[in-house]
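User: I'm new to this one and would like a close look at a single part of it. Could you pick a spot inside and walk me through what surrounds it?

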Amino acid sequence: MHRRLSACLILFLSLLTVAHAQSPAPQAQAGFDVKARQVYMVEAETGTVLFARAEDEVVPAASLAKLMTMASVFKALSAGEITLDTQYPVTEHAWRTGGAPSRTSTMFAALKSSVRVEDLVRGVTVQFANDACIILGEGIAGSEAAFVERMNAEARALGLEKSAFANATGLPDPGNRVTMREMVLLARHLENAYPAYMHYYLEPEFEWNKIKQRNRNPLLALNIGVTGFVTGFSEEGGYSVVAAVNRDGKHLLLAMGGMESDKVRTEESRRIIEWALATFERRTLFKEGETIADASVYGGSASTVPLVAGDEVDVFLPKDNSQRLVARVVYNWPVRAPVEPGQDVGTLKIWNDKQLLREVPVKTAGTVTVGTLRSRALDALIELFFFWI
């Protein structure tokens, strides 16, 4: 009984030290910092958090809302609901609110004309055009308000809990709000779900109505590996950005907000990207199929079952490590027999000081049949003991 009770306690308290995996908190690395109030940066393939500050703070969406607009448009395209050749009319609402009279980002779509979906997509991804957003929304859903309902439903389905949208453009409205963490989640979804459409974000310029405009994403011209997405500005929230980076075999996703000027946004984006690319390297913590921990089993022929991750568990760590990484397995104690291989039972959480770097699902790697009456009675006493504790 003592041996079994100790095993339960060790896993419950989750004290697992990973050998050769040491690093300081990301934002303190070499004294590095950025002039942004909210920051969230991850390595996309592993999901390792490289820098985080106020990433769950709710801020005005501004043009970052256009990521959700395009997620809804790309979903309609992928489902065959519309095609790139579908044409939508330019309504007076779209023209006045987001077109030439609005003095905002626009593709200058002419009132009462019709525009192909592909050209509207270019208007949004290259020029951050508000008229294109509204035309798409009205065309797909019948009205901008109905399209916004789609946007919010899709946001909830993707796990965006705090972000919400009041229009298709991100133009000022108290209902437009996002967090940097959720913008990174949304950016990752766009890349994973709609890779065929990501090239639009890289187009250097787009001409419509005889007006040629260069891509409004200033990071593309820096040649630092940025492959999308969008920048934003609001009086309350300052200057913001969401960017994807593919360079030197690394894939980064960055969201920052609360900067004081367009110049600062561009400079700080460059700095944090260059810092991340130069500072971090990939490390393997657990190989595919390697036992990470043993979970206690209730009422089984064996007292524990090994837990593994589905794939190799890698993280990105600073090259000059100085602190220990800690991994914790979190699961509902105890696992009840019978147990089959491949059951999802919990999560491996990898921490660096107070910074959560990565969460990985863990599953059972063995079979445990139902135990004898005596072993089940003993397990019941142990469970009762922990219940009263």
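**A strand and the core around it**

Analyst: Let's start with strand 10, residues 226-234: seven of its nine residues are buried, so the rest of the structure largely encloses it. Keep in mind that this is a predicted model.

Next, look at its partner. Strand 10 pairs with strand 11 (residues 238-247) in the antiparallel sense, over eight bridges. To get from strand 10 to strand 11, the chain goes through a hairpin of three residues. If you want one pair to find on screen, try G228, whose bridge partner in strand 11 is A244.

Now for the nonpolar side chains. The largest nonpolar core has 63 residues, and F229 and V242 are among those with the most contacts inside it, along with L67, F74, M183 and L190. Helix 2, residues 66-78, gives the most to this core, with eight residues. A good one to click on is L67: setting aside neighbours within four places in sequence, L67 is in contact with F229, V230 and V242, as well as M183, L186, L190 and Y201. Apart from this core lies another, of 27 residues, including V241, V264, I273 and F316.

Helix 2 also meets helix 6 (residues 144-157): their axes come within 9 Å and cross at roughly 95 degrees. That's why the two helices count as roughly perpendicular to each other. On the helix 2 side, the contact is made by M68, T69, S72, V73 and K75, while helix 6 brings F147, R150, M151, E154 and A155. Sorted by type, the residues of this contact are five nonpolar, two polar and three charged.

Methods:
Residues are numbered from 1 along each chain as its sequence is written. This is a predicted model: local features need pLDDT of at least 70, side-chain atom pairs count only at pLDDT 80 or more; totals for chains, interfaces and linings use all residues. Side-chain values use heavy atoms; hydrogens and water are left out. A nonpolar core is a set of buried Ala, Val, Leu, Ile, Met, Phe, Trp, Tyr and Cys residues joined through side-chain atoms within 4.5 Å. Buried means under 20% relative accessible area, exposed over 50%, partly exposed in between (1.4 Å probe, protein chains only). Helices (H or I, at least four residues) and strands (E, at least two) are DSSP runs, numbered from the N terminus. Contact means heavy atoms within 4.5 Å. Axes are lines fitted to C-alpha atoms, for helices over the stretch in contact, and angles run from 0 to 180 degrees between N-to-C directions. Angles under 35 degrees count as roughly parallel, over 145 as roughly antiparallel, 65 to 115 as roughly perpendicular and the rest as oblique. Ala, Val, Leu, Ile, Met, Phe, Trp, Tyr, Cys and Pro count as nonpolar, Asp, Glu, Lys and Arg as charged, and the others, Gly among them, as polar. Two strands pair if DSSP finds at least two bridges between them.
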